[in-house]
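Reader: I'm new to looking at protein models. Could you walk me through how to read one, a feature at a time?

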Amino acid sequence: MRPYPVISHVQAGALKEIAVPYGPGDGFDVEYGDDDASQWSFFLEIEGDSMLPDFRPGDRVLIDPDVSPNPGDFVAARNTKQEATFKKYRVRGIDESGHEVFELVPLNDNYPVLRSDERHLVVIGTMIEHRRKFRRK
């Protein structure tokens, strides 16, 4: 078992910009899990209801920055506000510059699909574990 930090959406949004994204003790909580993820893996706590019914507010997902997403995977991605979002990853093709065009798809139909050819989006990492709390305080 090893500790993983639970970091905020803003901290997650800055991950691709710095060599050491967080130090020991960073984050607002710690989750313990198997030692089978890369060095900079982290938990992100779900906020909002855009990923209902599968992911509820307060659920935590383990994100591994070293795992490249496949179509249908769930990913954390950064937007232009340096905040992270958590959505389903869907490839849409290649643009004229040779860059992959992808969509970030919410599971809740009340929210829009985000497209990488319409706004700047960077995939931070891929979900490798989902933890759900069944009882809330």
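Reader: Let's start with the outside. What does the accessible surface of the chain come to, and what share of it belongs to carbon and sulfur atoms?

Author: One thing before that: this is a predicted model. The accessible surface comes to about 7,900 Å², and carbon and sulfur atoms hold 48% of it. You can also look for spots where nonpolar side chains sit together on the surface. Here Met1, Val30 and Tyr32 make a nonpolar patch of about 360 Å². Tyr32, one of these, belongs to strand S2, residues 29-33.

Reader: And the overall build? How many helices and strands does the chain have?

Author: Count the elements, then read their order. There is 1 helix, and there are 9 strands. Starting at the N terminus, you get β-α-β-β-β-β-β-β-β-β.

Reader: What share of the residues is buried?

Author: Buried residues are 40% of the 137 in the chain. You can also ask how far apart in sequence the touching residues are. Take the contacts with a separation of 6 or more: 58% of them are between residues 24 or more positions apart.

Reader: Let's zoom in. Is Thr126 buried or exposed?

Author: For this you compare the relative accessible area with a cut-off: buried means under 20%. Thr126 has 2%, so the residue counts as buried. You'll find Thr126 in strand S9.

Reader: What does the side chain of Thr126 reach?

Author: The backbone oxygen of Val67, at 2.7 Å. Beyond its neighbours within four places in sequence, Thr126 is in contact with several residues, among them Leu62, Ile63, Asp64, Phe74 and Val75.

Reader: Asp64 is on that list. Which side chain of opposite charge is nearest to Asp64, and how far away is that side chain?

Author: When you meet a charged residue, check for a partner of opposite charge. For Asp64 the nearest is Arg2, 7.3 Å away, and Asp64 is buried yet has no salt bridge. A salt bridge needs the charged atoms within 4 Å. Asp64 itself is in strand S4, residues 60-64.

Reader: Then which polar contacts does the side chain of Asp64 make?

Author: Look for pairs of polar atoms. The side chains of Asp64 and Ser38 are joined by a polar contact of 2.4 Å. A polar atom of the Asp64 side chain also lies 2.9 Å from the backbone nitrogen of Asp66. Setting aside residues up to four places away in sequence, Asp64 touches Ala37, Ser38, Ser41, Gly125, Thr126 and Ile128.

Reader: Back to strand S9. Why does His130 count as partly exposed?

Author: Partly exposed is the range between under 20% and over 50%. His130 has a relative accessible area of 31%, so it falls in that range. His130 is placed in strand S9, residues 122-131.

Reader: What does His130 touch?

Author: Not counting residues up to four places away in sequence, His130 touches Asp54, Phe55, Asp59, Arg60 and Val61. With Asp59 there is a polar contact between the side chains, at 2.9 Å. Asp54 shows how sequence and space can be read side by side: His130 and Asp54 are 76 residues apart in sequence, with 9.8 Å from C-alpha to C-alpha.

Reader: One more: where is Arg90 found?

Author: In strand S6, residues 84-94. Arg90 is partly exposed, with a relative accessible area of 33%. Leaving out its neighbours within four places in sequence, Arg90 is in contact with Phe102, Glu103, Val105 and Val113.

Terms used:
Residues numbered from 1 in each chain as written. Predicted model: local features only at pLDDT ≥ 70, side-chain atom pairs only at ≥ 80, totals over all residues. Heavy atoms only, no water. Patch = residues over 30% accessible without salt bridge, like charges linked within 9 Å, V, L, I, M, F, W, Y side chains within 5 Å. Areas by Shrake-Rupley, 256 points an atom, 1.4 Å probe, with all protein chains shown as cover. Helix = DSSP H or I, 4+ residues; strand = E, 2+ residues; numbered from the N terminus. Buried < 20%, exposed > 50% of the residue type's maximum accessible area, 1.4 Å probe, protein only. Contact = heavy atoms within 4.5 Å. Polar contact = N/O pair within 3.5 Å; in protein donor to acceptor, adjacent residues only side chain to side chain. Lys, Arg positive; Asp, Glu negative; His and termini not counted.
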